[in-house]
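This report walks through the packing of one protein chain, beginning with a helix and moving on to the core and the aromatic side chains.

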Amino acid sequence: MSRYRRSLGWAFRQGINHIAQGISCRYDVPWCRPSKIIFCLTLRCNLKCKMCGIWKSPKTSELTLEEWKNVIVKLKSWLGPFRVQLAGGEIFIRDDIFDLVAFASANNVLTGIVSNGTMLEGEQAEKLIDSGLGYFDVSLDGVKPETHDYIRGCKGVHEKAISVIRRVNQLRKRKGSDLVMYAPVIVCGYNMNELIELVRFVEDEDLDAVMFNPLGPACDADTRWWERSDLWPERGELGKLNHIIDQLISMKMHGARIINSVDQLHAMKAYFSDPSSRGANSCMVGMTNFLLSADGDVHLCFKMPPIGKHTDPFPKVWASQTARNVRREIRECTYECSPGNLPYRRSLLREIERYLRFN
């Protein structure tokens, strides 16, 4: 019962903060705290995904394990229990990832990993579950190997991803682990005919859900990136894509394991029809995000200048004039960003539900 009460208290505080983020964004004052924490642990990657430019980025220095542990302690003292997404690059390139997750878990910090699923080998899957990881996302962009491999830029990676998904899934069940497993899918013209089958794959494999993310710009993309992407659906394909999304909506409403809300799926149709159409001042990342790059810079948005360093006091960084200036840049930004930051803000009830589930 005490754990349940703590869960309710945590969810309630996050709900209040969710409301405060909306007010803070409207009045341009940081009366809230960030809720989306991401550690970009490395820019190194073993794949050459067509929708991602990280693998082409100049490699930077990386914080050590001890430095990341110190970041966790500082954030915990400011935010209390929090969730953090560990991302890259491909984070399993770092051999200290299991130690970092275990440290976070011991400090009541929920961790999630996003991976391409090609570098988790042998006994590492068991180490991953034993570390206390909260959720594990393995990208899967097609049921056909040739589809997934083309999007991911390397042959043979579909087989590896499927193998890791099945191995970790079997282990979590055998150990009675609370680990949540999602299959994130990039929605694009190249794989749209396999989206329905991907939902069925997730259900047949007894994963928790599929997560659809519409194709967005790479980190090195220009402002009209979709006009030059061979993954973007052709104008003549939009009718078929809309029909497929309508099928996903129907499946969702009948209980399919799709984590996206119906509103999110509807928004994808408008996005693919015109990716440049977004509401003015609709981006809230300046009040929701607290991102740390591999070299320890603190960002509100990775497209914007840093607002501080990992060695700075985080509450002061959040409320600084530098942060205020960057928030102004975010409000005035005309970059056609991924819709994940724009029309997809969860409702208060859904946000509280997620915090209860993942506590």
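Just after helix α8, Gly255 takes a positive phi of about 95°; the model in which this appears is a predicted one. Helix α8 itself runs over residues 238-253, and its 16 residues reach 22 Å from the first C-alpha to the last, close to the 22 Å expected at 1.5 Å a residue.

The buried residues of α8 are Leu238, Leu241, Ile244, Ile245, Leu248, Ile249 and Met251. Because these residues cover an arc of only 160° around the axis, they lie on the same side of α8. An α-helix has 3.6 residues a turn, so residues three or four places apart point the same way. The partners of this buried side are β5 (180-187), α7 (195-204), β6 (209-214) and α9 (262-273), against which the buried residues of α8 pack. On the face turned away from the buried side, α8 carries the exposed residues Gly239 and Met253.

**The wider chain and its cores**

The protein chain holds 13 helices and nine strands, and buried residues make up 53% of its 359 residues. Among contacts between residues at least 6 apart in sequence, 73% join residues at least 24 apart.

The largest nonpolar core has 95 residues, of which Phe39, Leu75, Ile113, Phe136 and Phe212 touch the most other members. Leaving aside neighbours within four places in sequence, Phe212 is in contact with Val185, Val187, Leu195, Val199, Leu248, Ile258, Asn260, Leu265 and Met268. Apart from the largest core lies another, of six residues, among them Tyr135, Val180, Tyr182 and Ile259. In soluble globular proteins, nonpolar side chains tend to be buried together.

Ile129, which has its place in helix α4 (residues 124-130), has a relative accessibility of 10% and therefore counts as buried, the cut-off being under 20%. Not counting residues up to four places away in sequence, Ile129 touches Val168, Leu171, Arg172, Lys175, Ser177 and Leu179. With Leu179, Ile129 shares a separation of 50 residues in sequence but of 7.1 Å in space, C-alpha to C-alpha.

**Aromatic side chains**

The count of aromatic pairs comes to 13. A pair of aromatic rings is described by the distance of the centres and the angle of the planes, and two of the pairs are set out below.

| Pair | Distance of centres | Angle of planes | Arrangement |
|---|---|---|---|
| Trp78 and Phe290 | 5.4 Å | 70° | edge-to-face |
| Tyr271 and Phe272 | 5.3 Å | 65° | edge-to-face |

The pair of Trp78 and Phe290 links distant parts of the chain, since Trp78 belongs to helix α2 (residues 65-79) and Phe290 to strand β7 (residues 289-292), 212 residues apart. Trp78 counts as buried because its relative accessibility is 9%, and Phe290 counts as buried because its relative accessibility is 0%.

Tyr271 and Phe272 are likewise buried, and together with Trp225, Trp226 and Trp232 they form one aromatic cluster.

Which residue lies over the face of Phe314, and at what distance from the ring centre? The residue is Lys74, at 4.2 Å from the ring centre. Arg327 lies over the face of Trp318, at 4.5 Å from the ring centre.

Methods
Residues numbered from 1 in each chain as written. Predicted model: local features only at pLDDT ≥ 70, side-chain atom pairs only at ≥ 80, totals over all residues. Heavy atoms only, no water. Core = buried A, V, L, I, M, F, W, Y, C linked by side-chain atoms within 4.5 Å. Buried < 20%, exposed > 50% of the residue type's maximum accessible area, 1.4 Å probe, protein only. Contact = heavy atoms within 4.5 Å. Helix = DSSP H or I, 4+ residues; strand = E, 2+ residues; numbered from the N terminus. Phe/Tyr/Trp six-rings, centres within 6.5 Å; stacked < 30°, edge-to-face > 60°. Lys NZ or Arg CZ within 6 Å of the ring centre and 35° of its normal. Expected span 1.5 Å × (residues − 1). Arc of directions from axis to C-beta.
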